[in-house]
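Biologist: Could you take me through the ligand site of this model, slowly and in one go? I would also enjoy a short tour of the chain beyond the site once you are done there.

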Amino acid sequence: MFNIVIFGAPGCGKGTQSEQLINQYGLYHISTGEILRNNIAQKTPLGKIADVYIKQGQLIPDQLVIRMLEEVLDTTPEAKDGVIFDGFPRTVHQAEILDKILQKRGGKVDAVVGLEVEEQELIERILKRGRETGREDDNLETVKKRLDVYHSTTSPVIGYYTEKGSYQPIDGSGSVDDVFSQIKRHIDSKKK
Ligand code: ADP
């Protein structure tokens, strides 16, 4: 079992690099944002709640996201070999709970990769994605809110993992291949 957290601000490339990681290591990918968007599209009870928060650029309350994550882990046999966590944890509380969840299942967070990209570049990438995909929360007003929430509530997670010696910052400003080769070097050093 090998569990990777791919971490960073909105637009830093978590989803893109997760795809590279899936191809390379065959791990199961859990994107909490993607699961929430699927719930919204299917108009589930969770989706109806999540829609309100996501439109405002706010985080979904911890207990809802945590319950959702546990359900995925409980019902997905492929996740037993290891998971790429993309978009989770987003609060220190979620990080603490993730340790407990994995511990219960005989695992731990084995590597945390933090993609670092300058703010102006993040905004440009997200607005471009919004134009290309029509993703509803990828507009300037919501992006600014999401970046505020990232700085106030999500970035303390860096301190949490740094204290444990598991946080690896990666320069996320280069090409997809360039960023991935840095990530791969780090993961391979941890896997030994
Ligand atoms: P991005 O990283 O580009 O903001 P995501 O798809 O990871 O995109 O997340 C989209 C939105 O889903 C977030 O702005 C937030 O509202 C919600 N969300 C995703 N993951 C979490 C989480 N772990 N805790 C709370 N809210 C979450």
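Modeller: Happy to! One term comes first: a polar contact here is a pair of N or O atoms within 3.5 Å. Please keep in mind as well that this is a predicted model.

With that cut-off in hand, let us start at Thr32. An N or O atom in the Thr32 side chain is 2.7 Å from a nitrogen atom of the ligand, so the pair falls within the 3.5 Å limit and counts as a polar contact. Two arginines deal with oxygen atoms of the ligand. For Arg37, the distance from a polar side-chain atom to a ligand oxygen is 2.8 Å. For Arg90, a polar side-chain atom is found 3.0 Å from an oxygen atom of the ligand. As for cover, the ligand on its own has 540 Å² of accessible area, and the protein covers 97% of it.

Now for the surroundings. The ligand is placed in the largest pocket. Around the ligand there are 20 residues, and those that come nearest are Lys14, Thr32, Arg37, Gln58 and Gln94. By character, the shell splits into seven nonpolar residues, six polar ones and seven charged ones. Which element gives the largest share of this shell? That is helix α2, which spans residues 32-41 and supplies four residues.

Following the chain past helix α2, we reach the loop between α2 and α3, where α3 covers 45-55. Lys43 is placed in this loop. Its phi is near 55 degrees, a positive value in a residue that is not glycine. Is Lys43 buried or exposed? Lys43 has 60% relative accessibility, so it counts as exposed, the cut-off being over 50%. Thr44 belongs to the loop between α2 and α3 too, yet Thr44 is buried, at a relative accessible area of 18%. That value is under 20%, which is why the label applies. The Thr44 side chain also makes a link to the backbone: it reaches the nitrogen of Gly47 at 2.9 Å.

Another loop is worth a stop. Between β3 (83-86) and α5 (92-104) lies a loop that holds Pro89. The peptide bond that leads from Phe88 into Pro89 is cis, and its omega is near 5 degrees.

Let us finish with the strands β4 and β5. Ala111 belongs to strand β4, residues 111-116, and is buried, with 0% relative accessible area. Ser166 sits in the loop that connects α8 (156-163) with β5 (167-171), and Ser166 is buried as well, at 10%. Ser166 and Ala111 are 55 residues apart along the chain, while their C-alpha atoms are separated by 5.9 Å. For Gly165 and Ala111, the separation is 54 residues in sequence and 9.6 Å in space, taken from C-alpha to C-alpha. Strand β5 also contains Ile170, a buried residue with a relative accessible area of 4%. How many residues along the chain lie between Ile170 and Leu36, counted as their separation? They are 134 residues apart, and their C-alpha atoms are separated by 27 Å.

Methods:
Residues numbered from 1 in each chain as written. Predicted model: local features only at pLDDT ≥ 70, side-chain atom pairs only at ≥ 80, totals over all residues. Heavy atoms only, no water. Near = heavy atom within 4 Å. Polar contact = N/O pair within 3.5 Å; in protein donor to acceptor, adjacent residues only side chain to side chain. Areas by Shrake-Rupley, 256 points an atom, 1.4 Å probe, with all protein chains shown as cover. 1 Å grid on protein atoms, 1.4 Å probe; cavity = no way out; pocket = protein on both sides within 12 Å on 5 of 7 lines; lining within 4 Å. Sits in = over half its atoms within 2 Å of the grid points. Helix = DSSP H or I, 4+ residues; strand = E, 2+ residues; numbered from the N terminus. Nonpolar A, V, L, I, M, F, W, Y, C, P; charged D, E, K, R; others polar. Buried < 20%, exposed > 50% of the residue type's maximum accessible area, 1.4 Å probe, protein only.
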